[in-house]
Amino acid sequence: MAANNDFIKDITISKMQWKLKVRVVRIWEKPDRFNPGSIFSIKLVLQDEKGDRIHASIGKSVLHIFNKKINELGLYLMANFIVCQNKERFNTTKHRLMLTFTQRTTVAETIDPLFPMNIFELRPYHQLINKVDVNESELFDVIGEIVNFSEVQTQKQGEITRKYMDIELEDDERNKLSATFWGEFVDQVIPHLLSSNNQPIIVVMQLIKAHKFQDSYSVRNTWNTSKLWINPTFPQSEEFKTRLNIF
């Protein structure tokens, strides 16, 4: 990283003039709860070359400036933010602070072939299956091969009916993890399950949460924030396939 750029781990509330070179490892829209068809804000997870991350938010008043300017997985030079405490319901990063974009925030796309593409913070299965304490407000990523799945089911909450299915994932050490796919995750995975031709289906569940029930944990996606990657070709997923002897 150039000498005039800052590292995420060094960010404090003491100033606004932070200059970052970061990859957008996740971006999603948060709908307006009073008008679901309207976007209230855009949320981002930014990662620097050291792998440190920070949550960022683009509010409604500046959406028109940035909503067509930033793409997921893009690499950017960004500067000038309001820095504040991260009081979001779910923690997408370990950083206690977050960045808020303003009219003075600058964003410029850049190219650097050496900038890492390790975009996942993968949680080992043993931290989720051995009855250890897990912070259910913390979001994380898992990778695994789908080895079993249930029929699609529905759950009604008030006037809303949501579909879900239970999935069993297996890691490269043959540990198994229970997962529940909700909504869009179901829609995305079904075509692959129906047409896999006995080929392994590798998935990464990005920014998901743990759910505790009777002293055991499973994982599930959250609305809007989580993303499902199916048979991805990123360095971390290719390494996983190699450990499974999948070529």
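**Exercise 1.** How many residue pairs are in polar contact between domain 1 and domain 2, counting pairs with both residues at pLDDT 80 or more?

*Solution.* The model is a predicted one, and the task begins with the two parts to be compared. The domain assignment of the protein chain places domain 1 at 8-109 and domain 2 at 125-244. Between domain 1 and domain 2, the count comes to eight residue pairs in polar contact, both residues being at pLDDT 80 or more. On the side of domain 1 that touches domain 2, strand S1 (residues 19-32) gives the most, with five residues. That side of domain 1 is made up of six nonpolar, two polar and six charged residues.

**Exercise 2.** Identify the salt bridge across the interface of domain 1 and domain 2, and check it against the cut-off.

*Solution.* The rule finds one salt bridge across this interface. The side chains of Glu72 and Lys227 meet in a salt bridge, with 2.4 Å from N to O. Glu72 falls in domain 1 (8-109) and Lys227 in domain 2 (125-244). The rule asks for a side-chain nitrogen of Lys or Arg within 4 Å of a carboxyl oxygen of Asp or Glu, and the N to O value for Glu72 and Lys227 is 2.4 Å.

**Exercise 3.** Describe the extent of the interface between domain 1 and domain 2, and state which three residues of domain 1 supply the most buried area.

*Solution.* The centres of the two domains, taken over C-alpha atoms, are separated by 26 Å, and the contact takes 14 residues from domain 1 and 16 residues from domain 2. Together the domains bury about 1,100 Å², of which 52% lies on carbon and sulfur atoms. Within the area that domain 1 buries against domain 2, Arg26, Phe90 and Asn91 supply 45%, more than any other three residues.

How values were computed:
Residues are numbered from 1 along each chain as its sequence is written. This is a predicted model: local features need pLDDT of at least 70, side-chain atom pairs count only at pLDDT 80 or more; totals for chains, interfaces and linings use all residues. Side-chain values use heavy atoms; hydrogens and water are left out. Domain bounds come from an automatic or database domain assignment. Contact means heavy atoms within 4.5 Å. Buried area is the accessible area (1.4 Å probe) that two parts lose on being put together, summed over both. A polar contact is a pair of N or O atoms within 3.5 Å; within protein, one must be able to donate a hydrogen and the other to accept it, and residues adjacent in sequence count only if both atoms are side-chain atoms. Helices (H or I, at least four residues) and strands (E, at least two) are DSSP runs, numbered from the N terminus. Ala, Val, Leu, Ile, Met, Phe, Trp, Tyr, Cys and Pro count as nonpolar, Asp, Glu, Lys and Arg as charged, and the others, Gly among them, as polar.
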